[in-house]
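Q: Please take a close look at a single part of this structure and walk me through it in one connected account. I would like the cut-off behind each term you use.

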Protein chains: 2
Amino acid sequence: MDLDNSTALLTDHYELTMVQAALRSGTAGRRAVFEVFARRLPEGRRYGVVAGTGRVLDAIERFRFGDAELEWLTGNGVVDAPTAEWLAGFRFSGDIWGYPEGECYFPESPIMVVEAPFAEAVLLETVVLSILNHDCAIASAASRMVNAAAGRPLIEMGARRTHEGAAVAAARAAYLAGFATTSDLEAGRRYGVPTAGTAAHAFTLLHDSERHAFRAQLASLGEGTTLLVDTYDVERAVRTAVELAGPSLGAVRIDSGDLGAVARRTRELLDSLGATDTRIVVTGDLDEYGIAALAAAPVDVYGVGTKLVTGSGAPTASLVYKLVARADSAEPDAPMRPVAKRSAGKPTRGGRKSALRRLDGHGVACAEVVSIGEPVLGPRERPLLVPLVRDGEVVGREPLTAARERHAAAVRELPPTALQLSAGDPAIPTEFVNAGPRP
Amino acid sequence: MDLDNSTALLTDHYELTMVQAALRSGTAGRRAVFEVFARRLPEGRRYGVVAGTGRVLDAIERFRFGDAELEWLTGNGVVDAPTAEWLAGFRFSGDIWGYPEGECYFPESPIMVVEAPFAEAVLLETVVLSILNHDCAIASAASRMVNAAAGRPLIEMGARRTHEGAAVAAARAAYLAGFATTSDLEAGRRYGVPTAGTAAHAFTLLHDSERHAFRAQLASLGEGTTLLVDTYDVERAVRTAVELAGPSLGAVRIDSGDLGAVARRTRELLDSLGATDTRIVVTGDLDEYGIAALAAAPVDVYGVGTKLVTGSGAPTASLVYKLVARADSAEPDAPMRPVAKRSAGKPTRGGRKSALRRLDGHGVACAEVVSIGEPVLGPRERPLLVPLVRDGEVVGREPLTAARERHAAAVRELPPTALQLSAGDPAIPTEFVNAGPRP
């Protein structure tokens, strides 16, 4: 098996040693339920966004121990020979449910539920959390930026500020949350995210003059291109741009200074030159607050980089993967028992959860209901968990655009407070109910 | 070419359209110098750590446009046919110098200098910055944690809190900065970072009792293992652990509660049970401040996760890649001209830089000297730039352990203020000199 394609070593050392010890003690085959949830949202956030589900499904399909992985594991004493043999035959055979991608989540929402023999389910912990913690963090920040932009398009351009692989996933998460395009070409190829670009200061500096640079860009990319106008003097650059491109110049980009003030002067100048349809793209360390502050400025497109790929202050979603129930023995029909740790400050709630969102009479979400056991759905309640994997087969794959549409709908359903950028409580409360044993 | 191995699309859209426009305007072949530097360190930090250089060299060697990449680029209208043809033949042919990996850096330190025809050098911008911005951010945070731990070993265990690929790079960066081990198996395989692990609460909960779980772990992993003792009641767990393992139990891990107080009680209990050599591992949202606060507690090993992989408040190093000089024409001998943008608040300094570190009479660093042109080295000055790539061939590859040793030495050379965790100015000032034209 190709090393680059296996995800099996994107795993913590202890997952494998726990499998080894459980194989030996006879507990590895006990049916187990693990749940992914966040104890709380990042400070002051109103909701979280489920993202990465599709990537988790891909990672699980590629979670195989090939010869190269097994040689390394045994050669380095991570696992013994019987464990290596078990790993060689490992295929995830269990069931996974989850909130569909793009859905919103709240504290304690069980956004993914994994049921499988213990050894199979525990092996997935690290890679499942890596993907969801990253992608949910980025999508949650992106969604706030989309709200702040109030309909104006956003370009994701943060690839250079984060790990090269994380950049691809961040572009995917941002698109899911409503960004229009990304600068990252691999995100375009791998996930079909539309890509876009402008030009860098280096391109202007390369040429003998700004005029020379603009002429070169227009000759190659056409008058619909975006010219970067702040390398030397914005006003002079805008005049040169319109002179060379004519009034149908696509856009100008401003990357420095007081973006609102410069955008206003630039708009006036463009209009006075007849370039009334030329758009203004602003970039430069924007976050959701910076975007909102430009609401009254004549900005057409926002480019967001650093703050998007770093989750705008919350670079991880702090999701955990906790055992909540397990069988008393490895027999197939052994009864399941809720389990919970009592660690100081970090207790867990035992028992497998279901979740639904309750709406009020106007169709506005009013509660996240997390129940132990299977609740009977009320008339204004919709279930949140959907099947993702059944008997080891992926059944929950969907196009990224479906998740993008779902996210837009999920945000529309939230109460208005969800759209506030100011720090506060989650937009809806999480209620716990004990629905009794599953039917 | 295997898609998974090419790094060529880990690139921003505009890098390729700039190449296209420059090819058409005849400027693509102009010799250019780009420099990587940070305008400032993250708020309050005393120094930065160069990390990722080895990964950059790997990425450059794999920066090739294969059929799959080219088909996608032309099929999606990113570049035209002549540009695709040029990309098909692309091999980086230029020269790269850099601060060796593990070295410390300061504001405006030119940690990497790329000289090549413009089109070749601009293509590398995104992936070079992605790698360095991530790895330097992690290593810079890790170095502070290592200082705070004052000789006690640190385990990196943050894989689950960050993107699965970033996790591997983070483990590498942490090891470079002085961490002892990582939980991430892929970092072990790919970079030779020693891996380590303990056990999770799920393992205890899987078994019929804590005693059952400890016995299973000891039977499989031996008495040198680390038992997790805070699932239910720490004191009871420690008693059970020593009862089952005997006094040569390797270690116990505490993951919750007031870590200092629990560590003290646990140490007393272990000692009273004769387990005087059993070590105490503490984990649980530790950062450099949390580590320092435990200096007086009987802690033997720190495990650090979230705060390490998120850069402890500074998840990106904010490095930029700026054109500082370029030839007047594409002729091989055309004279080079310093260039700089004047963008408001973001000006750059034109001209290719050299850098050296000046030491005082006691061998303590006292200044970072960045000069335009090639300075004459004084007796207590050491040059900071080393060759990494020459005529397209990697010449600067070295074992990760070399970078690790270099980092330890570089920190020892800094003035004591560098080790303060409190926010403040960079440990040494950056001085600019104009050394005149290069000889």
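A: A polar contact is a pair of N or O atoms within 3.5 Å, where within protein one atom must be able to donate a hydrogen and the other to accept it, and residues adjacent in sequence count only if both atoms are side-chain atoms. This is a predicted model, in which local features need pLDDT of at least 70 and side-chain atom pairs count only at pLDDT 80 or more, whereas totals for chains, interfaces and linings use all residues. Residues are numbered from 1 along each chain as its sequence is written, chains are lettered from A and ligands numbered from 1 in the order in which they are written, and side-chain values use heavy atoms, with hydrogens and water left out.

The part chosen here is the surroundings of Thr11(B), which sits in the segment before H1 of chain B (helices, H or I, of at least four residues and strands, E, of at least two are DSSP runs numbered from the N terminus). A polar atom of the Thr11(B) side chain lies 2.6 Å from the backbone oxygen of Ala8(B). With a relative accessible area of 0%, Thr11(B) is buried (under 20%, with exposed over 50% and partly exposed in between, for a 1.4 Å probe and protein chains only). Leaving aside residues up to four places away in sequence, Thr11(B) touches Phe63(B), Leu123(B) and Thr126(B) in its own chain, and Ser183(A), Asp184(A) and Leu185(A) across the interface (contact means heavy atoms within 4.5 Å).

That interface takes 97 residues from chain A and 97 residues from chain B, and the two chains bury about 8,100 Å² between them, 57% of it on carbon and sulfur atoms (buried area being the accessible area, for a 1.4 Å probe, that two parts lose on being put together, summed over both). Polar contacts join 59 residue pairs across the interface, with both residues at pLDDT 80 or more. On the side of chain B that touches chain A, at least two residues each come from several elements, among them helix H1 (13-25), helix H6 (125-149) and strand E12 (319-327). The most is given by H1(B), with 11 residues. The residues on that side divide into 40 nonpolar, 32 polar and 25 charged (Ala, Val, Leu, Ile, Met, Phe, Trp, Tyr, Cys and Pro count as nonpolar, Asp, Glu, Lys and Arg as charged, and the others, Gly among them, as polar).

Side chains of opposite charge can pair when their charged atoms come close. Across the interface of chain B and chain A there are 14 salt bridges (a side-chain nitrogen of Lys or Arg within 4 Å of a carboxyl oxygen of Asp or Glu). One of the salt bridges in the model joins Arg160(A) to Glu125(B) at 2.9 Å, N to O, and a network of salt bridges links Arg30(A), Arg326(A), Asp328(A), Arg337(A) and Asp208(B).

Over all chains the structure holds 66 salt bridges. In chain A, Glu61(A) and Arg397(A) meet at 3.2 Å, N to O; Glu61(A) lies in helix H2 (residues 53-61) and Arg397(A) in the loop between strand E18 (393-394) and helix H15 (400-413), 336 residues apart. Glu61(A) is partly exposed at 38% relative accessibility, as is Arg397(A) at 43%. In chain B, Glu103(B) forms a salt bridge with Arg382(B), the closest N and O atoms being 3.0 Å apart. Glu103(B) belongs to the loop between strand E3 (95-98) and strand E4 (104-105) and Arg382(B) to strand E16 (residues 381-383), so the pair ties together parts 279 residues apart in sequence. Glu103(B) is buried at 2% relative accessibility, whereas Arg382(B) is partly exposed at 25%.
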